[in-house]
Amino acid sequence: MKNKMPIPESVDKIEKYMKEKIGLGKSFDLGVRKLKILRKNVQIYYVNGLTDSRIIVELIEELVAINDHEKLSSNLFEIIENRLVHPSIVPIKTMDELVDQVLSGLIVVVIDGECVGFVVDVRSYPGRTPTEPDTERVVRGSRDGFVENIIVNTALTRRRIRDERLRFEITRVGERSKTDIAIGYIKDIANPDLVEIVRKEINSIDIDGITMADKTVEEFIFKQGFNPFPQVRYTERADVASAHLLDGHVLIYVDTSPSVMITPTSYFYHLQHAEEFRQSPAVGTFVRWIRFLGVIASLFLLPLWFLFVIEPSLLPEKLSFIGPNEENNIPIILQIFLADLGVEFFRMAAIHTPTPLSTAMGLIAAVLIGQIAIDVGLFTPEVILYVALSAIGNYTTPSYELSIANKIVRLIFLAIVAIFHAPGFIIGGTFFIIWLANNKPLNIPYLWPFIPFHPIALWNVLVRTSVPGSVVRPSIVHTHNRYKQSVK
């Protein structure tokens, strides 16, 4: 506060500061409403588009009515404070606070002769209503999801956890963007050391702005570098976020982002999906195993098939049919890379293409390009088959970030197998496991509970246990309150 400019007592000086420093009068969306109340000047600063004009009009009506119901008094400051009929009124004393609050969508009321202003929260950010996220759809379950408004997102969470110990600590990051970031946790469950680490890392972010929101925050917290594997789990579902809060995780909400970051997480957390918990334990377990098979196929199916192609002696006699039945002018490894990259082309094109056109593009890709490529001899049918199966395995991975990382690893596996054959497959797979095991975001082993081995937690990874039978919170977060339910 010592280095910050206090609010001048003269409203004319405040207006001059806003014109010279902030662009009042030049920026069309920055405005000021001047009032005369009991012969004193009162000004209200606001930004169009970020405020609710209806509430501002009601506040102005209340302030103007002071002239009709109050006599000249030296207590205008207290009178205005009482007449600001709004639940969120905060006094401020510096111009830095005034500017930050106005540019954040709040209004500030200043009174001539007073060095204290009133901040009123009348924010009404442009945005969409909560809808089910496209990447986390379920057959049964809630259809609301997070949006780009941090206030709505925290409200969706608090609606599901009405606990007085639920905390949302908010701060601002970015010298220019001043983006709101909230840390969510349950006080008597979450590990205080974990909360302090996350809080310290966020407060240490020093950058102009984080307009790319949560991903930028993740890179600052985890110093990810070129590691393709996600260090946090992203979710757009309020029920998923609430379930992790009850397990003792710490959540990071970033304004302007519909995704919430869940920390800490391991590799296996990225393989969970809300659909498993919306079905019976048996069905949920079946769905989970199918998903595991898809993830394994996305990683190892193509490299393993290619290994059998170049070393058919490794195949049992009954499986000798595996491999291309006819010669082709293009090497198999080149065919695989071309087909795999072709799938990526179609995926990127589908993302940037309107839905009706993307459907037509998919039909063209499947019927025309794929079949014609086989007919002209560019690809063998088996290459298309196994590339397609690997691509489907990628799409069964619930985490989009993990699916892309797995694809990068698969291409590296293919290159290693092409160079070193069977030893390359074995050594590459071993190195991959060791590398993941050495990855420790927030000092949590990335392959927990497989490495280090934790049998009970691994059982819960492999089998979707019933809720009444799940009484212990995951040990990965080192919670204070270990039990979800009372143990008799």
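Is arginine 143 buried, partly exposed or exposed? At 41% relative accessibility, arginine 143 counts as partly exposed. The views below come from a predicted model. A search of the whole structure finds 30 salt bridges, and three are shown here, in views A to C.

**View A. Glutamate 132 and arginine 143 form a salt bridge.** The closest N and O atoms are 2.9 Å apart. Both residues sit in the loop between strand 5 (117-120) and helix 6 (150-160), so the pair ties together parts that are 11 residues apart in sequence. Glutamate 132 is buried, at 13% relative accessibility. Its partner, arginine 143, is partly exposed.

**View B. Glutamate 218 meets lysine 215 in helix 8.** Their side chains form a salt bridge, with 2.9 Å from N to O. Helix 8 covers residues 214-222. The two residues are 3 apart, about one helical turn. Glutamate 218 is buried, with a relative accessible area of 0%. Lysine 215 is partly exposed, at 30%.

**View C. Glutamate 58 pairs with arginine 54 in a salt bridge.** Here the closest N and O atoms lie 3.4 Å apart. Both residues belong to helix 2 (residues 53-64). They are 4 residues apart, about one turn of the helix. Arginine 54 is exposed, at 52% relative accessibility. Glutamate 58 is partly exposed, with a relative accessible area of 38%.

Notes. Residues numbered from 1 in each chain as written. Predicted model: local features only at pLDDT ≥ 70, side-chain atom pairs only at ≥ 80, totals over all residues. Heavy atoms only, no water. Salt bridge = Lys/Arg side-chain N within 4 Å of Asp/Glu carboxyl O. Buried < 20%, exposed > 50% of the residue type's maximum accessible area, 1.4 Å probe, protein only.
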